[in-house]
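I opened this notebook to keep track of what I looked up, one topic at a time. The entries follow the order in which I went through the chains.

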Amino acid sequence: MIAKPPGGSARSIQDIAGGAFLVAIAALALYLVNHLPASGRVGFASGTAPRLFAYGLMALGAWIMISGIFKEGPSIGSLNWRGLATILGSVLIFAIGIRVVGLALIGVPMVVLASLADKQFRAVEALYFGVGMTAFCGLLFPTVLGQPIPLWPPFLDMTPGKPTAIIVQAIAGGVVLAALIYAARRVVQSRKGN
Amino acid sequence: MSFTRRLLMAGSALLLGIASATAQAFPNKPITMIVPFAAGGPTDIIARIVGEHMSRTLGQTIVIENVAGAGGTTGITRAAKATPDGYTIAMGHMGTHGAAAGLYPNLAYNPQTDFEPIGLAAGTPIVIVARKDFPANNLQEFIKHVQANQKTLNAAHAGVGSVSHITCVLLHSMLKVDVNEIPYRGTGPAINDLVAGKVDYVCDQIVSVSEQVKGGTIKAYGIATPARSPSLPDVPTTTEGGLPEFQVSAWNAVFAPKGTPPDVLAKLRDALVKAVTDPGTRKKLEDLGGVVPDARGASPEALAELVRSENTRWVALLKERVKQ
Amino acid sequence: MELLANLAHGFSVAVTPTNILLCLIGALVGTLIGVLPGIGPIATIAMLLPITYKLDPTGALIMLAGIYYGAQYGGSTTAILVNLPGESSSVVTAIDGHQMAKKGRAGAALAIAAIGSFIAGTFGTILVAALGKPLTAVAQAFGPADYFSLMVLGLVCAIVLASGSVLKAIAMIFLGLLLSTIGTDLETGEQRMTFGFLPLADGIEFVTLAMGMFGFAEILRNLENQESRDLVQQKVTNLMPTKADMMEAAPAVARGTLLGSILGILPGGGAVLAAFGAYTLEKKLSKRPQEFGKGAIRGVAGPESANNAAAQTSFIPLLTLGIPPNAVMAVMVGAMTIHGIVPGPQIMTKQPDLFWGLIASMWIGNLMLVIINLPLVGLWVRLLRVPYRMLFPAILFFCAIGVYSINNQPFDVVLTAFFGLMGYLLIKLGFEPAPMLVAFVLGKIMEEKLRQAMLLSRGDPWTFVDFSRHPISTVLIVVSVALLALAITPALRKKRDQVFVED
């Protein structure tokens, strides 16, 4: 729910900003399709539809913006910068890391960074939850379903039987086991607590 | 169990692992085959059938990785840049290794120099099909009708750069006509409108249209390969029909990135030849209307030559007939 | 009575203990994978295909049927529970379904969706069996011009999707249309708004846009709003719908089934149009339209029934013509082809075992869906009690994997983050994402059909209202104009009251 602006401003800041945002998007689109023909042999060409839609969006955006100047309305409210940075950051980390270091190494940083978006962040819990999620997805997608998602870092030789494979898999197994034991103990403790 | 015993066991397991690893040569882990199209299409199906047999020969799974986009060039770009160790191979086809250089001016790979050819897997012949009430009874009449009515007829294709598009362009250039080419998003919608009679004719792979031809909802004028196809035995070839220069088959072939070691290539080539000469695999591919090469046709030399000739043919044609 | 004999034959082919078990496993696995956020029905089916490879064709087909329905329903479950539509037709389910979940009525929403889907599925199956051939003729009557006009009508209906300002809804429709034009031009191959960047050449994937705009933006909003996120968790009331709920939903199920059955026949956008056509219809017919968008049970029952009825009748073009009408069906055809089954116009006469067996499997698949999902409702609802601080990182993680797995391209994941940012800003500025997403889906088809119609008519813009050549198109355009006039006039009059639309 968005609060009315204090003091009852005679402007809808939300509409003014929203309209301006749409006008900006439309302007960018028009700039990008500038090199495409606006009409062709049969009337429609590659640039016709994008232009029509962009003009429409621009007109509507302008309408929303101008009508916002003359009306009362809500303000935008504060933006959740912490959430934006951590959530979008975690997704970007995943995108960058998935083919560079693989799911096994990118899973925990991603989950922990995403968890930081919440003000109730609990570091240890996020850590073992991240390990659990990574183990679950690592088993499900590349292993059980045979999806071509890189699991291990591509720079390691994970040929079955090779020492690197045995060591890395042993470490991974140990970490998962430790996380599971820790989580189980936490659950038991919280049950006792109640 | 005492700590020392556990340590000993772990140590011996590690040693055994090292020993077995050095004894194992290529391949000792799953191989990824990049298919540059979505799951379910002709190239994907051929890759899955051939890949399944190859994995039996190699003793390792072949994982199909569908990397679709930009007429297949996205996936092939990734294959070209992959580590050349034989664990990443790709199923290229007529578009990605033939026509692409004429369609995409900024193509990020060179079809002729960035790959080691493994061999041809299977081709699917192109067939000319028209709506069922099209006023022509054979290929000759079809040609005359198209040439006489080029202002009013409509050909459909599955989108710029698709097999049906470039073969249609080839047909039109051979017939010296300028017929309206209506683009669709994929073969399905194009054939749908052909069956409904909204457009007049389509050139496409036999696997996409053979059932409709057999069911009489569309009619076929010619198959663009030297021999008739077992999946449509009643349809004459373009040679029989009097347009012998129209020879096109949508070929699919396996490639490895440039620099893959020769012994690895040899194993992959051997597995491919075993796959395409296996009676069971051949039957599966032929049932789909595929033309499966013999051992010589599946050789890397034959593929290298095919890529060369196809590049020459398509690049010149598409630069002339398709505006970019 | 021939129909009954044929159906009996079909059941004799399909109903063996092994096949039933395969169908059950297929539906269960399809649901379990399909319910993961970010993994839509197409991805689910593609991932699960290999498990059918080792089976005989009939067994494989019946398992595929199970996977198909399981994946579809799994997608609706995610839409209701966490507001994440995995495919275009569940965008509408998310609107009221998730609002019901927020009111503690996730169980009722899921159960109504399952029951409605089963009824619609049964009706759709009978329709496919009895009237497959004549209905094909209906679909074939639609040419590019008629399709374009149908999409125009669809967009006019999309305005109704908005529960807030009509002006802002229209703006979102234009934004969706604009986004749909990104990518390679269909006719000339020119790059449009791609910055010359290859991964954008095929345009934006629906899942990428939906995960960002709906999923990520929703998480961001929940995080700053303690009350709304705890709403979902604390007030889980009864799991099953009450008798009053059933009475309320029944007419919506019936209408949705009919509408879905008809629109499902049309290749391309049939299922999407069905789902939100049903929503529009329910909202217009309702005595309390103001409840829509705030958890109206009819807003779930109608679209879900329509969606599933369309999922049945979209088999018609496949079975009578051998042409897959949409992306999901194309994957299904690929699977069948690998088993040596190439569907075509002769399948009914030449392979009656297969044809009637498939129809029987369709119904069994629907039955399995209800059998599996009614007990699972309890489990899904319990999932909502997972603390939100753990639920949302899990959603993000699954979404990232799901989006990556569409084309195995990391860039798609980056794009999702971008749309998450954009979606969050739009919500903050008082815009709703649903009309935009629907316009995005329809826009692609609309431009394609428009360009085809213009090419076919050699550039005559009046072709769409040329009654002698395109009667269907003409009627649809007239209806659209009339509806638009009706929708806009009161909006203009009431605009002042709608400025303070509550979020």
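**Helix pairs in chain C**

I began with a pair of helices in chain C of this predicted model, and I noted that α4(C) passes α17(C) in a right-handed crossing. For the geometry I recorded that α4 (residues 57-82) and α17 (residues 352-383) of chain C pack at an angle of about 35 degrees, with their axes 8 Å apart. I then listed who takes part: from α4(C) the contact includes T58(C), L61(C), I62(C), Y69(C) and L81(C), while α17(C) contributes, among others, G357(C), M362(C), N366(C), W380(C) and L383(C). Sorting the residues of this contact by class, I found 14 nonpolar, nine polar and no charged.

I next turned to α7 (residues 144-160) and α12 (residues 270-285) of chain C, whose axes come within 9 Å and cross at roughly 50 degrees. I therefore entered α7(C) and α12(C) as oblique to each other, and I noted that their crossing is left-handed. On the α7(C) side I found G154(C), C157(C), A158(C) and V160(C), which meet L273(C), F276(C), G277(C), T280(C) and K283(C) in α12(C). By class, the contact of α7(C) with α12(C) has five nonpolar, three polar and one charged residues.

**Chain C against chain A**

I looked up the interface and found 58 residues of chain C in contact with 63 residues of chain A. The elements that give two or more residues to this side of chain C are α8 (166-180), α9 (206-223), α18 (388-407), α19 (410-428) and α20 (433-456) of chain C. The largest share, eleven residues, comes from α18(C). By class, I counted 37 nonpolar, eight polar and 13 charged residues on the side of chain C that touches chain A.

**Chain B and the core**

For chain B I noted twelve helices and nine strands, and a C-alpha trace that spans about 90 × 40 × 35 Å along its principal axes. Buried residues make up 57% of the 324 residues in chain B. Of the contacts in chain B with a separation of 6 or more, 77% are accounted for by residues 24 or more positions apart.

I then looked for the largest nonpolar core, which has 341 residues, and those with the most contacts inside it are L57(A), V129(B), L272(B), I45(C) and I173(C). Its largest share, 18 residues, comes from helix α6 (residues 106-141) of chain C. Following one of these residues further, I found that L272(B), leaving aside its neighbours within four places in sequence, is in contact with M54(B), I118(B), G119(B), A121(B), V254(B) and A298(B).

**Backbone exceptions**

Most residues other than glycine have a negative phi, and most peptide bonds are trans, so I kept a list of departures. The peptide bond from F26(B) to P27(B) is cis, with omega near -10 degrees, and P27(B) is found in the loop between α1 (3-23) and β1 (31-35) of chain B.

Phi of N83(C) is positive, near 60 degrees, and N83(C) lies in the loop between α4 and α5 (91-102) of chain C. I entered N83(C) as buried because it has 26 C-beta neighbours inside 10 Å. R458(C) has a positive phi of about 60 degrees, although it is not a glycine, and is found in the loop between α20 and α21 (471-493) of chain C. With 14 C-beta neighbours inside 10 Å, R458(C) counts as partly exposed.

How values were computed:
Residues are numbered from 1 along each chain as its sequence is written. Chains are lettered from A and ligands numbered from 1 in the order in which they are written. This is a predicted model: local features need pLDDT of at least 70, side-chain atom pairs count only at pLDDT 80 or more; totals for chains, interfaces and linings use all residues. Axes are lines fitted to C-alpha atoms, for helices over the stretch in contact, and angles run from 0 to 180 degrees between N-to-C directions. Helices (H or I, at least four residues) and strands (E, at least two) are DSSP runs, numbered from the N terminus. A crossing is left-handed if the near helix is turned anticlockwise from the far one by less than a right angle, and right-handed if clockwise. Two residues are in contact if their C-beta atoms, placed from the backbone, lie within 7 Å. Ala, Val, Leu, Ile, Met, Phe, Trp, Tyr, Cys and Pro count as nonpolar, Asp, Glu, Lys and Arg as charged, and the others, Gly among them, as polar. Angles under 35 degrees count as roughly parallel, over 145 as roughly antiparallel, 65 to 115 as roughly perpendicular and the rest as oblique. A residue is buried if 20 or more other C-beta atoms lie within 10 Å of its own, exposed if 12 or fewer, and partly exposed in between; C-beta atoms are placed from the backbone. A nonpolar core is a set of buried Ala, Val, Leu, Ile, Met, Phe, Trp, Tyr and Cys residues joined through C-beta atoms within 7 Å.
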